[in-house]
Amino acid sequence: MAGEKKKVVVIGAGAIGVCTALYLLRDGHDVTLVEKDGPAEGASFGNGSVIGEESVVPVAMPGIFWRVPKMLLNPLGPLAVRWSYLPQLAPWLVEFLKASSPARVEEISKALAALMAGTFEAYDPLLEMAGEPDMIRRTGWMGVYETEKGFANDSRYLDIQKRRGVEHEILQAEEIRQLEPSLAPIFKRAVYYPKVGYSINNYRMVRAFAEAFQRGGGRYLQAEVSGFDIGEAGPRAVRTDKETVACDAVVVAAGAWSKPLAEALGAPVLLDTERGYHMTYPTPGVAPRLPVYSTERAFVATPLENGLRVAGTVELGGLKAAPNWNRAKVLESHVSRWYPGLNTEGGKPWMGFRPSMPDSLPVIGRSPRHANAFLAFGHGHCGLMLAARTGALVAEMVSDKPMSLDMTPYRPDRF
Ligand SMILES: Cc1cc2nc3c(=O)[nH]c(=O)nc-3n(C[C@H](O)[C@H](O)[C@H](O)COP(=O)(O)OP(=O)(O)OC[C@H]3O[C@@H](n4cnc5c(N)ncnc54)[C@H](O)[C@@H]3O)c2cc1C
């Protein structure tokens, strides 16, 4: 019943879980947020911090099938697959390749655009509750190309963005230098997207939300969830290694680790992980004005308050394999060419697990088995930009409000 106060347990204090917990608290629920490590210590720790409405193009694009051999042969390439993980990855990979048909790409892109709309507005109440109104900067961002060929190859991305009404401006070499003087004059073309911004510190922002959640009366429990007590009406308690927490509703927002939890709630999902890397330079000695992105190299360089961060690339290798730090070194070699004078001293490498579905769309919805079990994970490359919006939508579902968006494309049982 709409307006009814419920005991809700949210599992996972990454960007998605924290924003969801805060939205639920705002709706008047009694919320417990359970996290095994600490707020924003998973994928939400080290992302590129970019927030915007232009990310309407899925990862699997037409023609990706022909790139698979290269992905297998080059462990340092922008998109790589670990041989040893191939047997486990196979069902995910098949759906990933199927999602790359032109018709599917168009559908997926529409579903991404619908979810992206209102990204910044969804963050506004959370920033206010955290007392941090200036943590998101709306500077726009720029996709850069070192060759005319690279730019021409990406025209299909731009075509999709145009069809979705994404605002953009194509820049020539001189205009690129005017917009971002700190870049080396090595780029022939760029696309500037004005409706994009970034958090000046994604980690501090999510932690500030987690603190606001506790200040507002939410309960934060540092514990690992191991399972559920299921009654006739669905999950009635969440079991952890510390205690069992009674609930009327549960939200799984455990990022790349959500699969077994969702399965225990009657929702088997084709979730896997696209591992990504970053380097953060604490005293970069250069001061870019806005995030700059390369599709050819699959990374972004973002000027955070705690340094210049270079983040990106995709490695399909599961949750267990050790990081390949050479992938982070490759990022350093690229970005050193971009910003002359970049001081790489003290640069810290990091690897994180993007929670990814084969079709680049998140899972946001009820378990097909239990009406009081909600799933919110699989945001892939867009988890920071979609976190507040996801939180708002999950709160609508849990609170039995009329939905402000058709949730069909994100349903858990679509594969
Ligand atoms: C290199 C890189 C660059 C990126 N750049 C961007 C970007 O610029 N913009 C953007 O929007 N997105 C970006 N992303 C993606 C984004 O970081 C993720 O989509 C997002 O962080 C996912 O958030 P989450 O809350 O779902 O997962 P996580 O942040 O991983 O949080 C999940 C949490 O659940 C906890 N957990 C798991 N299992 C349990 C359990 N059993 N019990 C208790 N707790 C549990 C984990 O400890 C973790 O803290 C990037 C990702 C990477 C790797």
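Which residues does the UniProt annotation "transmembrane region" cover? In the unreviewed entry, that annotation covers residues 7-25. The structure shown is a predicted model. The protein chain is assigned two domains, and the ligand lies between them because both give residues to the shell around it.

**Annotated spans**

- The "transmembrane region" span, residues 7-25, is 58% helix and 26% strand. Its end C-alpha atoms lie 10 Å apart.
- UniProt, again in an unreviewed entry, places the feature "domain: FAD dependent oxidoreductase" at residues 7-397.
- Residues 7-397 are 33% helix and 28% strand, and the end C-alpha atoms of this span lie 14 Å apart.

**Domains**

- Domain 1 is made up of 7-45 + 204-270 + 360-410.
- Domain 2 is made up of 54-114 + 130-199 + 271-356.
- The centres of domain 1 and domain 2, taken over C-alpha atoms, are separated by 27 Å.
- Between the domains, 29 residues of domain 1 are in contact with 30 residues of domain 2.

**The shell around the ligand**

- The ligand is surrounded by 35 residues. The closest are Glu 35, Ser 44, Gly 48, Gly 380 and Met 385.
- Sorted by class, the shell holds 16 nonpolar, 14 polar and five charged residues.
- Two helices, H1 (15-26) and H12 (383-398), each supply at least two residues of this shell.
- Strands E2 (30-35), E15 (272-281) and E19 (348-356) likewise supply at least two residues each.
- E19 gives the most to the shell, with four residues.

**Polar atoms at the ligand**

- A nitrogen atom of the ligand is 2.9 Å from a polar backbone atom of His 381.
- Leu 384 also has a polar backbone atom at 2.9 Å, in this case from an oxygen atom of the ligand.
- For Asn 47 it is the side chain that takes part: one of its N or O atoms is 3.1 Å from an oxygen atom of the ligand.
- On its own the ligand has 1,000 Å² of accessible area, and the protein covers 97% of this.

Note on methods: Residues are numbered from 1 along each chain as its sequence is written. This is a predicted model: local features need pLDDT of at least 70, side-chain atom pairs count only at pLDDT 80 or more; totals for chains, interfaces and linings use all residues. Side-chain values use heavy atoms; hydrogens and water are left out. UniProt positions are given in the numbering used here, feature names are shortened, and annotations may be inferred rather than shown by experiment. A residue is near a molecule or strand if one of its heavy atoms lies within 4 Å of it. A polar contact is a pair of N or O atoms within 3.5 Å; within protein, one must be able to donate a hydrogen and the other to accept it, and residues adjacent in sequence count only if both atoms are side-chain atoms. Accessible areas come from the Shrake-Rupley method with a 1.4 Å probe; for residues, only the protein chains shown count as cover. Ala, Val, Leu, Ile, Met, Phe, Trp, Tyr, Cys and Pro count as nonpolar, Asp, Glu, Lys and Arg as charged, and the others, Gly among them, as polar. Domain bounds come from an automatic or database domain assignment. Contact means heavy atoms within 4.5 Å.
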